[in-house]
Amino acid sequence: MPPAKEAAPAAMNIGTTIRGYRLQKGMSQGDIEKRTGLLRCYLSRVENGHTVPSLETLQKIAAALDVPLSQFFADDPVSRDVAAIALTEDEIRFLTQIQRYSSHLSDADRKLLLAMVRKFAQTALT
């Protein structure tokens, strides 16, 4: 019996990361075009994974988005998102408690907890 193949690590799609930051900041591709001089059609190709930009180009995009270039290469997307959020001390304490308690939950229970939080948030917004 042949040895099992190891799963290849998921390829990082820098375009998806760029699009995420751009949308998070409420910017259009046109806004990035104005700040960098890069054509909108080029930015579209990057965001859709058809073109891989050079480091120099990535630096221009990072500057236009006002994020450090290193953020594009963070291993964990959650870390990238959390790094961009300013939390109060109470919010950090609350999230730490959630993290501590959720580590003992099964996947099904975590999903249930997340669904409950979403429902509470929806109710609070209406």
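**Figure 1. Salt bridges in the predicted model.** This predicted model holds 4 salt bridges. Three of them appear in the close-ups that follow, one of them between arginine 19 and glutamate 47.

**Figure 2. Glutamate 47 and its two arginine partners.** Let's start with arginine 19, whose closest N atom sits 3.4 Å from an O atom of glutamate 47. This salt bridge links distant parts of the chain, 28 residues apart, with arginine 19 in helix 1 (residues 14-24) and glutamate 47 in helix 3 (residues 40-47). Glutamate 47 also meets arginine 22 in a salt bridge, at 2.6 Å from N to O. Here, too, helix 3 is linked to helix 1, across 25 residues. Glutamate 47 is buried at 3% relative accessible area and arginine 22 is buried at 9%, while arginine 19 is partly exposed at 26%.

**Figure 3. A salt bridge within helix 7.** Arginine 110 pairs with aspartate 107, with 3.1 Å between the closest N and O atoms. Both residues lie in helix 7, about one turn apart. Arginine 110 is partly exposed (33%), and aspartate 107 is exposed (55%). Sharing of partners, by contrast, joins Arg19, Arg22 and Glu47 into one network.

**Figure 4. The second largest pocket.** Arg110 turns up again here, in a lining that also includes Phe94, Leu95 and Ile98. The pocket has a volume of about 230 Å³. Helix 6 (89-102) and helix 7 (107-125) each supply at least two lining residues, and the lining divides into 6 nonpolar, 1 polar and 1 charged.

**Figure 5. Confidence along the chain.** Helix 2 (residues 29-36) has the highest mean pLDDT of the elements, 95, and helix 5 (residues 77-83) the lowest, 51. Over residues 1-11 the pLDDT is below 50. Where pLDDT is low, please don't read the predicted coordinates in detail.

Notes
Residues are numbered from 1 along each chain as its sequence is written. This is a predicted model: local features need pLDDT of at least 70, side-chain atom pairs count only at pLDDT 80 or more; totals for chains, interfaces and linings use all residues. Side-chain values use heavy atoms; hydrogens and water are left out. pLDDT is the predictor's confidence in each residue, from 0 to 100. Helices (H or I, at least four residues) and strands (E, at least two) are DSSP runs, numbered from the N terminus. Contact means heavy atoms within 4.5 Å. On a 1 Å grid over the protein atoms alone, a cavity is a set of points where a 1.4 Å probe fits but cannot get out, and a pocket is an open set with protein on both sides within 12 Å along at least five of seven lines; lining residues have an atom within 4 Å of a point. Grid points are joined across faces, edges and corners, and a volume is the space filled by probe spheres set on the points. Ala, Val, Leu, Ile, Met, Phe, Trp, Tyr, Cys and Pro count as nonpolar, Asp, Glu, Lys and Arg as charged, and the others, Gly among them, as polar. A salt bridge is a side-chain nitrogen of Lys or Arg within 4 Å of a carboxyl oxygen of Asp or Glu. Buried means under 20% relative accessible area, exposed over 50%, partly exposed in between (1.4 Å probe, protein chains only).
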